[in-house]
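Notebook open, coffee poured. I want to go through this model piece by piece and jot down what I find.

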Amino acid sequence: MPVTATTPAKPGESVATLERGLAVVRALAAAPATRMRRSDLARATGLARATVDRVARTLTHLGYLRAEEHDAVLTPLLMELGNAYLAADPLADAADVPARSLADELDESVSVCVPDGDGARFVIQCPRRRAMAVTFHVGDLLPAERCAPGALFAADWDEDTWRHWRERVAPAPPSAPAGDARGDSSGAAGRQGPGSDAAAVPDLAARTERAERSGSAVDDQLVEPGLVAVAVPVRGDDGRVRCAVSVVSHTSRHTADSLADLALPRLRACADTVAEALAEHVPAEPPSPSGRADALRTAKEELGADFLQSLARGLEVLTCLRVTGGRTLTEVAQATGLARATARRSLSALTQLGYVTTVDDRRFTLLPRVLELGYAPLSRLTFERIATPHLADLVRRVHDSASVSVLDGDDIRYVARVATTRVMGVDLGVGTRLPAHPTSMGRVLLAGRPPEELAARLTRAVPERLTEHTRTSPEELAAVVDEARRSGYALVDQELEEGLCSIAVPVRDRDGRVVAAVNVAAHAAQRGSDSLREEVLPELREAARRIEADLAAASERNPGALPS
Ligand code: PHB
């Protein structure tokens with residue numbers, strides 16, 4: 001029976017539903033490749049299989065999950081939750097340039113962590129590419145006792161946090177499962193299992209006292225053999241530690257002492273710069289209302305009881321808090337289009353679960369814990385891994401091969417590809433280069449270049465005539481590229497190879513720049529231009545839209561996710 005949008009959820013139920021949904025997300029975030037069979041998800045979360053299925057259907061509808069055979073896989077779009085936290089807290093922006101400059105100056109990795117419960121959560125990571133590379137990412141959580149920032153943060157802990165910490169590090173009974181006390185094992189150090197070697201847990205209280213006296217803390221291979229780090233605090237107006245800036249090195253280059261001697265003066269200067277930038281921070285305009293309430297309503301009508309409204313609303317409320325200084329209940333209701341009572345229930349559930357807090361008793365803001373919802377593992381995805389599932393989807397729909405490529409000199413270079421299941425597939429692998437001018441992807445990529453650059457490209461090289469159909473005159477090519485820009489797609493009929501037709505559309509980054517092209521190629525005998533235009537183009541456009549949405553979330557703070 002369809003449940004209407006006005007059906008009120010019981011208050012307790014809404015927290016429980018949201019908690020179950022987020023438990024599924026956390027379990028996937030901790031799994032290799034953020035992927036798990038649904039039956040294993042039920043086991044890992046302790047939820048009924050039917051509940052896991054409903055959560056999965058709801059998250060899939062929201063674009064946060066992909067179903068692949070029996071597996072559920074997190075999508076990069078989910079990073080919009082962590083991006084909301086990082087955009088709302090002025091710290092990530094204030095510390096970005098100073099941290100990067102310090103890493104350049106010292107030629108060592110620099111990171112910024114914020115306190116999160118009894119741990120330190122990374123919000124900035126500026127790694128140096130070295131053989132002994134640091135493995136932590138933005139969003140990872142280090143237990144306080146195993147890192148330099150932890151000793152700085154613990155100085156501000158209340159009795160509750162100390163108690164929580166003591167329980168976590170207490171020797172575990174032999175059969176107890178690993179994972180930190182909050183169930184978060186997404187941090188690399190979480191994998192070690194707290195309590196598994198309690199004797200090795202150094203005396204955090206003593207380290208905290210030392211750190212308070214000296215104004216800095218060191219990590220002498222606490223988190224990983226060979227890794228040494230030194231950290232200093234940045235304090236907020238209230239005198240509490242707002243974040244820690246760390247310099248990280250390896251015992252092959254430094255001892256903890258020599259790193260401290262080298263880095264401390266410059267670390268302190270960096271911390272001062274961050275504190276100044278924070279004080280001068282001017283909040284950006286809040287984003288406009290999402291208007292997704294309507295979409296949530298139709299989802300409920302379409303999926304019926306399978307659509308978990310409390311979960312969808314909770315995530316919608318979470319993303320609407322992407323505002324420095326937070327939002328009041330009234331503002332949240334306005335921004336999401338939810339009724340006040342519904343918005344209040346969502347906010348209260350998110351607060352209970354530790355993702356949201358209030359400032360000045362009436363403004364709701366996001367907490368760093370939001371980053372545990374898949375941010376770190378998803379930020380490891382390359383562009384190829386972001387694009388490939390969408391290509392696979394496209395190929396399933398159109399039964400012809402699909403590819404993504406970038407412009408590389410006068411060529412295009414394939415960066416992702418999924419071949420058709422047809423026996424006579426067009427066979428080109430990732431890394432293949434083809435001249436840009438007689439290919440559909442080349443033409444939409446050229447159409448994305450500035451006019452002067454395009455003119456120079458078209459007159460520079462004499463295009464090779466590859467078939468009797470190949471256009472080679474600069475005027476003709478300028479005209480077809482122009483047409484591709486106007487229509488938003490390019491169709492090439494046997495100009496690269498006799499018997500081969502292809503159609504392409506651009507893939508744009510967050511700023512609307514063309515960064516890649518996606519195409520479908522077919523044998524002219526099986527699929528001509530009309531079929532490509534009428535049957536394939538709409539599917540191709542949808543695939544590009546989905547790649548763009550994932551890419552926008554993945555690349556917001558990580559240019560490494562963009563194709564290169
Ligand atoms: C890091 O940035 O990877 C890092 C920072 C502080 C530590 C350990 C690792 O104590």
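**Entry 1: the hairpin**

I started with strand 12 (residues 401-408) and strand 13, which pair antiparallel over 7 bridges. Keep in mind that I'm reading a predicted model here. For the register, I noted valine 406 standing opposite arginine 413 of strand 13. The hairpin these two strands make has 2 residues between them, and glycine 409 takes a positive phi there, near 65 degrees.

How many of the residues of strand 13 are buried? I looked it up: 7 of the 8 in 411-418, so I'm calling the strand mostly covered, with under 20% relative accessible area as the cut-off for buried.

On to the next pairing of strand 13. Strand 14 pairs with it, again in the antiparallel sense, over 3 bridges. Here aspartate 411 stands opposite proline 435 of strand 14.

**Entry 2: the whole sheet**

Next I zoomed out. The sheet is open and has 6 strands in the order 14-13-12-17-16-15, with antiparallel pairing. Which strands stand at the edges? Strand 14 and strand 15 (490-493) do; each has a single partner strand, so one side of each is left without a neighbour in the sheet. I also pulled the twist, which averages 30 degrees from one strand to the next.

I then checked how strand 12 meets strand 17 (residues 514-523): they run antiparallel and are joined by 5 bridges. Across that pairing, serine 403 stands opposite asparagine 519 of strand 17. Helix 16 packs on the sheet, and I listed strand 12, strand 13, strand 15, strand 16 (500-508) and strand 17 as the strands it touches. The direction of helix 16 makes about 155 degrees with that of strand 17.

**Entry 3: histidine 437**

I went looking for histidine 437 and found it in the loop between strand 14 (433-435) and helix 16 (440-447). Buried or exposed? Histidine 437 comes out at 13% relative accessibility, so it counts as buried, the limit being under 20%.

For polar partners I have the backbone nitrogen of glutamate 464, which lies 3.4 Å from a polar atom of the histidine 437 side chain. Setting aside neighbours within four places in sequence, I get contacts of histidine 437 with Arg443, Pro463, Glu464, Thr470, Arg471 and Leu477.

**Entry 4: positive phi away from glycine**

I scanned for odd backbone angles, because most residues other than glycine have a negative phi. Two hits went into the notebook.

- Threonine 34 is not a glycine, yet its phi is positive, about 45 degrees. I place threonine 34 in the loop between helix 1 (11-30) and strand 1 (35-37). With a relative accessible area of 6%, threonine 34 is buried.
- Glutamine 221 is not a glycine either, and its phi is positive at about 60 degrees. It sits in the loop between strand 7 (217-220) and strand 8 (227-235). The relative accessible area of glutamine 221 is 37%, so I logged it as partly exposed.

**Entry 5: helix 11 against helix 13**

I took the axes of helix 11 (residues 309-320) and helix 13 (residues 340-352): they come within 9 Å and cross at roughly 80 degrees. That makes helix 11 roughly perpendicular to helix 13, since 65 to 115 degrees is the range for that label.

Which residues make the contact? From helix 11 I have Arg313, Gly314, Val317 and Leu318; from helix 13, Thr342, Ser346, Leu347 and Leu350. I sorted the residues of this contact into 4 nonpolar, 3 polar and 1 charged.

**Entry 6: two leftovers**

Glutamate 556 is in the segment after helix 19 (529-555). Its side chain and that of arginine 322 are joined by a polar contact of 2.7 Å. Leaving out neighbours within four places in sequence, I find glutamate 556 in contact with Asn83, Ala87, Arg322 and Arg510.

Last lookup: alanine 279, which lies in helix 9 (residues 256-279). At 65% relative accessibility, alanine 279 counts as exposed. I also checked alanine 279 against proline 90: they are 189 residues apart in sequence, and C-alpha to C-alpha they are 9.6 Å apart in space.

Methods. Residues are numbered from 1 along each chain as its sequence is written. This is a predicted model: local features need pLDDT of at least 70, side-chain atom pairs count only at pLDDT 80 or more; totals for chains, interfaces and linings use all residues. Side-chain values use heavy atoms; hydrogens and water are left out. Helices (H or I, at least four residues) and strands (E, at least two) are DSSP runs, numbered from the N terminus. Buried means under 20% relative accessible area, exposed over 50%, partly exposed in between (1.4 Å probe, protein chains only). A polar contact is a pair of N or O atoms within 3.5 Å; within protein, one must be able to donate a hydrogen and the other to accept it, and residues adjacent in sequence count only if both atoms are side-chain atoms. Contact means heavy atoms within 4.5 Å. Two strands pair if DSSP finds at least two bridges between them. Axes are lines fitted to C-alpha atoms, for helices over the stretch in contact, and angles run from 0 to 180 degrees between N-to-C directions. Angles under 35 degrees count as roughly parallel, over 145 as roughly antiparallel, 65 to 115 as roughly perpendicular and the rest as oblique. Ala, Val, Leu, Ile, Met, Phe, Trp, Tyr, Cys and Pro count as nonpolar, Asp, Glu, Lys and Arg as charged, and the others, Gly among them, as polar.
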